[in-house]
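Good morning, everyone, and thank you for making time for this. I would like to take you through one structure, beginning with the whole chain and then turning to a few individual residues.

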Amino acid sequence: MTEIIADVHPSQTRVVLLKDGEPVEYNVARKGSEPIVGNIYKGKVENVIVGMQAAFVDIGLERNAFLYAGDILADTLDFEFEGEKSNVGEKIGNVPINKLVHPGQEIIVQVLKEAGGSKGARVTTNITVPGKNLVLMPTVSYVGVSRRISDEAERARLKSLIENMRNPGHGYIVRTAAQNQSQEAFEYEMQYLERKWQQIQTGARQQKSPSILHRESSLILTTLRDVFNDSVDRFIINDRAAYEQVVDMTRLYTPELVQRVEYFDKSSDIYAYYQLSGKLNRLLERRVWLDSGAYLVIDYTEALTVIDVNTGKFTGDTRLADTILQTNILAAKEIARQIRLRGIGGIIIIDFIDMESDSDRQEVLEALRQAVKQDRVKTNIVGFTGLGLVEMTRKKVRPNLSAVLQKQCSHCAGSGLVLNDESVVHALRLEISRIFENSTTDTILLIVHPDIENAIMNGDILYYDKLQWAGRKIFVKGDITCHIEDTRIERLSEEEIYAGYSDVQRFC
């Protein structure tokens, strides 16, 4: 059974796609930080970098957007390449970018990729306006059909039908959901998409840059458009307004699916009711256990995501090579599931357990290829590198789940590491010595994390310093609210220390 379960709250919306009770896709949109991929803006070119073949465009966000020359659709009337106009799009990247755009120019752009790290969003001038069955491409003039439609006769029917129906100046992509749809279904959707494009153009004429001309639909509506089809058995929503909106839209596009939309009218947490909370919370964990006892370790960097495969508790019951092969195949299937669930995009490097046999390596690659076929997002498996690592890419269509739900640790600055106890105590030792050498103070109180208190009182790190500090009075107070690296030195008298603090220990 395939189900979509939507948890709608004023501050956030969560949608999970389940197959036989197990999550396979999970999206979270929070108010004020909604994804911007698909949004269309009227922007202004701020500067052009010829050496990078790129321009930076102000679209009203915190950082300027990045427009690569290859993402600029030039006016074909202005350029001819040896008399050819049919392949201008392929050659446009070879034209110096300062011949295509200039500072101060106002242009309409669409976000291809979310901003990340220190980089702004990536944009294109090749606009697309998506519907459930069709995608309007108002800047080109051809018809493409989804590769997921494998029946050649149906592909030919759809292409011929849309070619005859479309505005000659506009192109269309026929989506997978369009398979076996009637001409009437396409007529209504074409009219809707053309009206939307006209509204965008009107906004571009009337509004000043930078401004937003079109905002991508809410998570609920994009799920309805992109995911809800005849392969989904139930679409369950816990918000009455969102439920009614989905029912109304379904009646327009796919009336045969209306009965599959359900309203969750219980007062309990919908994800707790369906026993999903624990499964979804585990998507933030670094380590992912497989049923066999093996496990994955997933680490994110700004440039790429690294996934390491370990045998863990899995020892197998045959020869070592077979155990490794079985573990890697299980891992390949789970990796495909995890990257889809976590929304991981960009470059992905996988360190499978080393295999001696080329045939085993190819079997693992094939298992990975089959597993990613279920993913709606474009994925490319490059293969094994010279170092024995698998390299793959997945289109970045939204921030990964960690970026949406977590923030950088203020203590470790995102490194995941802090100083060990010995390093903290040594740094503290230097500061104590400096105080004693440069002042007449002979009594101090150290306020530290309890682990540091234990390292001072029960370790031998300060043994020789204790002999040197003979005649001085050092008191130690453990404070659980202190970060492990935070230490405080108070210059107080012995009476003030005992009067103001409890559970103080004297070090020397």
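What follows is a short tour from the overall form down to single side chains.

Please keep in mind throughout that this is a predicted model. Starting with the chain as a whole, we have 14 helices and 25 strands. The radius of gyration is 30 Å, well over the 23 Å that the globule rule gives for 508 residues, so the chain is more spread out than a compact globule. Along the principal axes, the C-alpha atoms fill a box of roughly 95 × 65 × 55 Å. Of the 508 residues, 44% are buried, and the accessible surface amounts to about 27100 Å², with 47% of that belonging to carbon and sulfur atoms. If we consider the contacts with a separation of 6 or more, 66% of them are between residues 24 or more positions apart.

Let me now go to Val143, which sits in strand 11, residues 143-145. Is Val143 buried or exposed? Its relative accessibility is 6%, and because buried means under 20%, Val143 counts as buried. Setting aside neighbours within four places in sequence, Val143 is in contact with Lys159, Ile162, Glu163, Arg166, Tyr172 and Val174. By contrast, the C-alpha atoms of Val143 and Leu304, which are 161 residues apart along the chain, are separated by 34 Å.

One of those contacts, Arg166, deserves its own moment. Arg166 lies in the loop between helix 2 (152-165) and strand 12 (171-174), and at 15% relative accessibility it also counts as buried. Its side chain reaches the backbone oxygen of Pro168 at 3.3 Å. Not counting residues up to four places away in sequence, Arg166 touches Ser141, Tyr142, Val143, Gly171, Tyr172 and Met190, and Tyr172 is also among the contacts of Val143.

Further along the chain, His411 is found in the loop between helix 10 (401-405) and helix 11 (421-438), and with a relative accessible area of 45% it is partly exposed. The C-alpha atoms of His411 and Ile484 are separated by 9.0 Å, although these residues are 73 apart along the chain.

Finally, which residues make the nonpolar surface patch of about 400 Å²? They are Tyr463, Tyr464 and Leu467. Leu467 belongs to helix 13, residues 463-468, and its relative accessible area of 53% makes Leu467 exposed.

How values were computed: Residues numbered from 1 in each chain as written. Predicted model: local features only at pLDDT ≥ 70, side-chain atom pairs only at ≥ 80, totals over all residues. Heavy atoms only, no water. Helix = DSSP H or I, 4+ residues; strand = E, 2+ residues; numbered from the N terminus. Buried < 20%, exposed > 50% of the residue type's maximum accessible area, 1.4 Å probe, protein only. Patch = residues over 30% accessible without salt bridge, like charges linked within 9 Å, V, L, I, M, F, W, Y side chains within 5 Å. Areas by Shrake-Rupley, 256 points an atom, 1.4 Å probe, with all protein chains shown as cover. Salt bridge = Lys/Arg side-chain N within 4 Å of Asp/Glu carboxyl O. Contact = heavy atoms within 4.5 Å. Polar contact = N/O pair within 3.5 Å; in protein donor to acceptor, adjacent residues only side chain to side chain. Rg over C-alpha atoms; globule rule 2.2 N^0.38 Å.
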